[in-house]
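Visitor: I'm in my first year, and words like "buried" and "salt bridge" still feel slippery to me. Could you show me a structure and let me ask how each label is earned?

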Amino acid sequence: MSLMNYDEINLFFKKRNSFIASTVLLTLLFVSGLAAQSIIYQGSLQIFISIFLVVISIVFNLALGTPGFVISLFLTIVQIIIYVYRYILSEQTTRLYMITIALMSLAIILMFQLFFRRIANNMDALRQRLEREQNRRINSETHALIEDTVQRTSLIIRHDNVKDQQNVAEVYEMSVSKPIDTMTTLPNRDMIIDHLDHLIDKSIKEDQNSDKFLSEHNPIYVYYVTVTDQVRFSHKLGHRIVDLSIQAMAHKLREATHPSDLVGRVSRNEFAVITARFSNDDEANNYVDVIKNAIADYPHSNFLCGIVQYPRDGRFPGELVHLAESRMRNPAYVKFTPDHEILPEHLRKASLSDFKDLSIKELKKIFSDAIANDEIYMVYQPRFDNKKKLTGFEAFARWNSPTYGVVNTRAFLYYAEKTGDIYEIGRISMRSALKKLVEINAIEPNLTMTINLSITQIRSASIVQDLSAAIEESGCNIKNIIIDIPEEGLTSVTHNIRPVLEKFDSMGLKMALDNFGRGYSSLNNIPLLPISLVKLDGHFTEDMSEGSAQHILTKSIIELLNDIDIAVAATGVGSSEQFNTLVDFGCAYFQGKHLCMPLNARDALEYACRFFIDN
């Protein structure tokens with residue numbers, strides 16, 4: 001048997017060099033012991049050396065596995081032959097003892113080998129049973145998953161299917177998507193959103209617990225990538241060939257990216273990569289080449305990639321993924337430019353750069369002064385029905401800083417969440433909005449007031465208590481309050497916010513899902529929460545031209561929601577054509593510059609007075 005053909009499973013020494021060195025050393029010790037016995041004539045020392053040789057034989061078996069057994073067996077047989085020969089030459093009692101010890105060594109070696117073989121066979125049988133059981137469970141779960149997917153033939157769950165609490169729980173469990181895409185075994189869209197939400201939440205908590213700010217933490221980058229290839233993804237090849245191509249893309253993408261990055265499949269041959277390893281845009285841009293080399297390996301492949309960065313480009317998971325997808329379809333966004341001049345107008349206004357070099361303590365001081373000096377104020381945007389009748393107002397918090405001017409709302413709320421001042425600002429907003437509700441209800445008792453809550457506020461343990469206190473303090477009619485829930489609450493943290501929403505519902509509050517269409521929320525989840533109004537995002541409804549994708553999709557969504565008794569509101573209505581089209585689709589409520597821009601507290605009250613006096 002060659003020393004190089006050793007049994008790795010039963011070896012203490014896994015490296016070949018260590019195995020060879022140990023074999024040579026033990027063999028030399030054994031041969032040296034035999035040689036020493038030929039020149040030593042004291043009986044007790046010879047017996048001691050024989051015992052030492054037994055120990056070496058045992059070490060051979062324990063440390064060197066099957067090769068050790070063969071070598072020790074050979075050496076022991078040679079030892080016995082030498083002892084017998086010496087006994088024949090001189091029949092000494094010591095020689096007889098040495099033969100007995102050598103025979104005992106041989107018996108021990110054989111017993112050890114038999115014992116080890118039985119253990120190895122039992123372990124191998126157990127390993128095979130575990131593998132069979134694991135394969136059985138995988139096949140069973142896959143089969144159940146396929147059956148569950150096939151059985152779900154309806155996009156929308158109707159209210160009459162969820163009449164009691166038990167049915168709600170059952171339907172909710174059925175509606176929750178599996179976290180793994182079954183075709184590629186990568187995380188699916190829901191898990192991508194959830195992971196991104198976790199990273200954002202972690203970033204906020206780290207900033208709140210440190211004296212430093214953004215400079216201490218790497219930003220989060222989202223890559224939305226795909227490859228258009230008429231050869232690989234032609235439906236003429238059949239779905240199985242296309243599926244295999246997508247699986248190959250997924251495997252290559254996962255192999256090429258860093259192990260700490262999340263790689264998921266959004267849909268079809270479109271994937272998302274999320275990483276928080278890069279400290280600047282140059283590093284993020286270089287990563288595009290790594291991704292491209294992995295999946296665009298055909299000469300006719302057209303690689304597309306869109307990149308966004310948290311916090312600069314967005315605050316919410318669904319918003320970031322949606323923007324990354326939009327940039328993917330615009331070649332100008334394949335990589336960041338150094339000065340970011342390609343950003344849309346509403347993003348270039350964000351004054352994140354004005355604050356990013358400040359520490360947490362400095363930002364807390366700025367917000368404390370802003371709250372103490374009444375720099376936080378409210379504006380109110382009127383909401384109308386399809387007859388252009390005023391039905392209520394929506395309250396928005398604004399910050400007019402003597403140092404920075406009127407701060408962009410997204411930047412303002414972003415830093416307030418980072419410092420933890422979002423909670424106090426939220427309490428100020430609720431108290432101000434509800435006091436204004438009392439004033440406008442004195443003019444028209446049925447006018448409503450919509451209050452915006454962020455996911456950070458909803459997660460707060462004190463949100464129900466804070467809202468109850470503001471309602472009691474104002475003395476307003478609770479039936480005229482509408483709570484806006486960001487769409488992100490439905491895409492990533494439904495299980496966390498659901499108890500809070502149910503508590504709101506038991507209090508008699510109405511709730512609306514805000515910014516629908518900005519992220520990746522599922523229509524299937526909407527009826528499972530106590531939501532009576534869905535507000536379509538302004539970017540979702542801006543192109544209402546006949547035959548456009550948004551025109552068709554918006555009409556379908558409004559019809560579906562109306563079918564399950566959920567009203568639809570459109571935000572960002574900018575023209576009469578857009579208003580009329582949405583009215584024809586069945587939209588119930590409208591906000592936007594075409595109807596009325598946001599008003600300060602005094603102007604909002606005067607607007608309500610004039611509206612009902614004139615009408």
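Guide: Happy to! Keep in mind that this is a predicted model. Let's begin with helix α14, which covers residues 463-474.

Visitor: How do you know that the length of α14 agrees with what a helix should span?

Guide: At 1.5 Å a residue, its 12 residues should span 16 Å. The C-alpha atoms at the two ends are 17 Å apart, which agrees.

Visitor: Which residues of α14 are buried?

Guide: Ile-463, Val-464, Asp-466, Leu-467, Ala-470, Ile-471 and Ser-474. Looking down the axis of α14, you'd find those buried residues within an arc of 165°, so they line one face of the helix. Over on the other side of α14 sit Gln-465 and Glu-472, and these are exposed.

Visitor: What comes just after α14?

Guide: Gly-475, and it takes a positive phi of about 70°.

Visitor: Back to Asp-466 for a second. Why is Asp-466 called buried?

Guide: Its relative accessibility is 17%. Buried means under 20%, so Asp-466 counts as buried.

Visitor: What makes Arg-427 and Asp-466 a salt bridge?

Guide: The rule wants a side-chain nitrogen of Lys or Arg within 4 Å of a carboxyl oxygen of Asp or Glu. Here the side chains of Arg-427 and Asp-466 meet at 2.9 Å, N to O, so the pair fits the rule. Arg-427 belongs to helix α12 and Asp-466 to helix α14, so this pair ties together parts that are 39 residues apart in sequence. Elsewhere, Arg-383, Glu-394, Asp-484, Asp-514 and Lys-535 are joined into one network by salt bridges that share partners.

Visitor: Which other salt bridge does Arg-427 form?

Guide: One with Glu-424, at 3.2 Å from N to O. Both residues lie in helix α12 (residues 422-443), 3 residues apart, about one turn of the helix.

Visitor: Why are Arg-427 and Glu-424 called partly exposed?

Guide: That label goes to values between the 20% and 50% cut-offs. Arg-427 has a relative accessible area of 25%, and Glu-424 comes in at 29%, so both count as partly exposed.

Visitor: How many salt bridges turn up in the whole structure?

Guide: A search finds 14. One of them joins the side chains of Lys-365 and Asp-369, at 2.8 Å from N to O. These two are 4 residues apart in helix α10 (residues 360-372), so about one helical turn separates them. Asp-369 is partly exposed, with a relative accessible area of 31%.

Visitor: How do you know that the buried residues of α10 line one face?

Guide: The buried ones are Ile-360, Leu-363, Phe-367 and Ala-370. Seen down the axis of α10, they fall within an arc of 90°, so they line one face of the helix. On the other side of α10, Lys-361 and Ala-372 are exposed. The span of α10 works out too: its 13 residues should cover 18 Å, and the end C-alpha atoms are 18 Å apart, which agrees.

Visitor: What makes a positive phi worth pointing out?

Guide: Most residues other than glycine have a negative phi. Arg-268 has a phi near 45°, a positive value in a residue other than glycine. Arg-268 lies in the loop between β2 (262-267) and β3 (270-275). Asn-515 also has a positive phi, near 60°, and its place is in strand β10 (residues 510-516).

Visitor: Are Arg-268 and Asn-515 buried or exposed?

Guide: Exposed means over 50%, and Arg-268 has 52% relative accessibility, so it counts as exposed. Asn-515 has 15%, so Asn-515 counts as buried.

Visitor: Last one! What makes the link between Gln-591 and Arg-383 a polar contact?

Guide: Their side chains are joined at 2.9 Å, and a polar contact needs a pair of N or O atoms within 3.5 Å. Gln-591 sits in the loop between β13 (589-590) and β14 (599-600). With a relative accessible area of 2%, Gln-591 is buried.

Methods: Residues are numbered from 1 along each chain as its sequence is written. This is a predicted model: local features need pLDDT of at least 70, side-chain atom pairs count only at pLDDT 80 or more; totals for chains, interfaces and linings use all residues. Side-chain values use heavy atoms; hydrogens and water are left out. The expected span of a helix is 1.5 Å times one less than its number of residues. Buried means under 20% relative accessible area, exposed over 50%, partly exposed in between (1.4 Å probe, protein chains only). The arc is that of the directions from the helix axis to the C-beta atoms. A polar contact is a pair of N or O atoms within 3.5 Å; within protein, one must be able to donate a hydrogen and the other to accept it, and residues adjacent in sequence count only if both atoms are side-chain atoms.
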